[in-house]
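Open the model in your viewer and keep the selection panel at hand. Each stop below says what to select and what is there.

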Number of protein chains: 2
Amino acid sequence: MTKNTPSSNSGGTIYTISDLAQRFDITTRAIRFYESEGLLSPERQGQKRLYSPRDYATLKLIIRGKRLGWSLAQSRELIQLYNPAENNQQQYQKVLEKVRQSRERLQEQMNDIEIMMIELNDQESRIREAMDKQ
Amino acid sequence: MTKNTPSSNSGGTIYTISDLAQRFDITTRAIRFYESEGLLSPERQGQKRLYSPRDYATLKLIIRGKRLGWSLAQSRELIQLYNPAENNQQQYQKVLEKVRQSRERLQEQMNDIEIMMIELNDQESRIREAMDKQ
DNA sequence: GACATAGTTGACGTTTACGTCAACGTAATG
DNA sequence: CATTACGTTGACGTAAACGTCAACTATGTC
């Protein structure tokens, strides 16, 4: 009766570790490693890990970070920006500052991509010209 | 009389290894490593390496690749797209295909950045709201 | 011409991000 | 109830990308 794939109990979808591994095309080893590095902290049912939609979102962020070449340490910092910290103005300011920094890094990557795109376009033109001349 | 910093001889600027290291804020070790991995192939004057503007451009590409999380193997492939290969139509087609793939990867990264940007904007809004309520 | 200033080639060390067993626990199933 | 499937915690291995010596060479400067 109880399925292993995501089920709706206690008000939200729950994922097993192998389920997440399939969905993101990574290994369970990687997921456990992310936890050991402080990027995830799933619930436990006995010794087994149970992942919430929030954990799912966190993993999605990690995967995106990886595609952008972010280290796990950087992704961990990013994740912490989405976690409720102490609610004083000073903490808020710190978080806002880190949000700004993250956006700056993303902007820099955006610029690099644009330049690379332009260079690739130029190169394609040159190749097509060379092809036409044959 | 001969300087160590870039000079104009034989029709182009020439850089020493430490000069490039300074300009790109990397170590000479890294530059030599890139060469050993087949990403650079500078001229030699005796045993000393001399880098051309083309080498400079290649290094710039490598650095951009690094900021985008590309492996050296990927950057090497990219670099080869800018090097004159055999001039037959079949080779051209292969290169064009790789150009297309590179652009696809860049586009994927661009999408990831956009999503992350949106999420950061949302998070900033939430934080500012929480700050106002205090 | 002794010496400081680049530069060179090994060779081994290090960090990050997992992969790969091994040895074991637990739970559903025929 | 033995088996199969899935999960767990170590522990060690590994690939990529350099860092860090060591030992040596070439050069130009006082």
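The tour runs from the chain pair to helix packing and then to single residues. Keep in mind that the model is predicted.

**Stop 1: the two chains**

Colour by chain. Chain B falls on chain A after a rotation of 180° with 0.0 Å of shift along the axis, and the RMSD is 0.0 Å. That relation is a two-fold axis. To find the axis, select Gly69(B). Its C-alpha lies 1.8 Å from the rotation axis, the closest approach of any residue of chain B. Now show the interface. Of the interface residues of chain B, 100% are also interface residues in chain A, so the copies meet through the same surface.

**Stop 2: α3(A) against α5(B)**

Stay with both chains. Select helix α3 of chain A, residues 53-67. Add helix α5 of chain B, residues 89-132. Their axes come within 9 Å and cross at roughly 135°. That makes α3(A) oblique to α5(B). The crossing is left-handed.

Show side chains on both helices. From α3(A), the contact uses Leu61(A), Arg64(A), Gly65(A) and Arg67(A). From α5(B), the partners are Arg105(B), Glu108(B), Gln109(B), Asp112(B), Ile115(B), Met116(B) and Glu119(B). Sorted by class, this contact has three nonpolar, two polar and six charged residues.

**Stop 3: Asp112(B)**

Pick one residue from that list. Is Asp112(B) buried or exposed? Asp112(B) sits in helix α5 of chain B. Its relative accessible area is 3%, under the 20% cut-off, so Asp112(B) counts as buried. Which residues does Asp112(B) contact, leaving aside neighbours within four places in sequence? Select Arg64(A), Arg67(A) and Leu68(A), which are in contact with Asp112(B).

**Stop 4: α1(A) against α3(A)**

Hide chain B. Keep α3(A) and add helix α1 of chain A, residues 17-24. The two helices pack at an angle of about 40°, with axes 11 Å apart. They are therefore oblique to each other. α1(A) passes α3(A) in a right-handed crossing.

Bring up the contact residues. Leu20(A), Arg23(A) and Phe24(A) come from α1(A). They meet Tyr56(A), Leu59(A), Lys60(A) and Ile63(A) of α3(A). By class, the contact has five nonpolar, no polar and two charged residues.

**Stop 5: α1(B) against α2(B)**

Switch to chain B. Select helix α1, residues 17-24, and helix α2, residues 28-36. The axes come within 8 Å and cross at roughly 110°. α1(B) and α2(B) are therefore roughly perpendicular to each other. On the α1(B) side, look at Ile17(B), Ser18(B), Leu20(B) and Ala21(B). On the α2(B) side, look at Thr28(B), Ile31(B) and Arg32(B). This contact has four nonpolar, two polar and one charged residues by class.

**Stop 6: Asp25 in both chains**

Most residues other than glycine have a negative phi. Select Asp25(A) and check its backbone. Its phi is positive, about 55°, although Asp25(A) is not a glycine. Asp25(A) lies in the loop between α1 and α2 of chain A. At 69% relative accessibility, Asp25(A) counts as exposed.

Then jump to chain B. Phi of Asp25(B) is near 55°, again a positive value in a residue other than glycine. Asp25(B) is in the loop between α1 and α2 of chain B. With a relative accessible area of 70%, Asp25(B) is exposed.

**Stop 7: Leu40(A)**

Return to chain A. Leu40(A) lies in the loop between α2 and β3. Is Leu40(A) buried or exposed? Leu40(A) is buried, with a relative accessible area of 5%. Select its contacts beyond four places in sequence: Ile31(A), Tyr34(A), Glu35(A), Tyr51(A), Asp55(A), Thr58(A), Leu59(A) and Ile62(A). One of them, Leu59(A), also appeared at the contact of α1(A) with α3(A). For a distance check, take Pro84(A). Leu40(A) and Pro84(A) are 44 residues apart in sequence and 15 Å apart in space, C-alpha to C-alpha.

**Stop 8: Gly46(A)**

Finish on another loop. Gly46(A) lies between β3 (43-45) and β4 (48-50) of chain A. Gly46(A) is exposed, with a relative accessible area of 70%. Draw a C-alpha to C-alpha line from Gly46(A) to Ile17(A): they are 14 Å apart in space and 29 residues apart in sequence.

Conventions
Residues are numbered from 1 along each chain as its sequence is written. Chains are lettered from A and ligands numbered from 1 in the order in which they are written. This is a predicted model: local features need pLDDT of at least 70, side-chain atom pairs count only at pLDDT 80 or more; totals for chains, interfaces and linings use all residues. Side-chain values use heavy atoms; hydrogens and water are left out. Copies are superposed by least squares on the C-alpha atoms of residues with pLDDT of at least 70 in both. Contact means heavy atoms within 4.5 Å. Axes are lines fitted to C-alpha atoms, for helices over the stretch in contact, and angles run from 0 to 180 degrees between N-to-C directions. Helices (H or I, at least four residues) and strands (E, at least two) are DSSP runs, numbered from the N terminus. Angles under 35 degrees count as roughly parallel, over 145 as roughly antiparallel, 65 to 115 as roughly perpendicular and the rest as oblique. A crossing is left-handed if the near helix is turned anticlockwise from the far one by less than a right angle, and right-handed if clockwise. Ala, Val, Leu, Ile, Met, Phe, Trp, Tyr, Cys and Pro count as nonpolar, Asp, Glu, Lys and Arg as charged, and the others, Gly among them, as polar. Buried means under 20% relative accessible area, exposed over 50%, partly exposed in between (1.4 Å probe, protein chains only).
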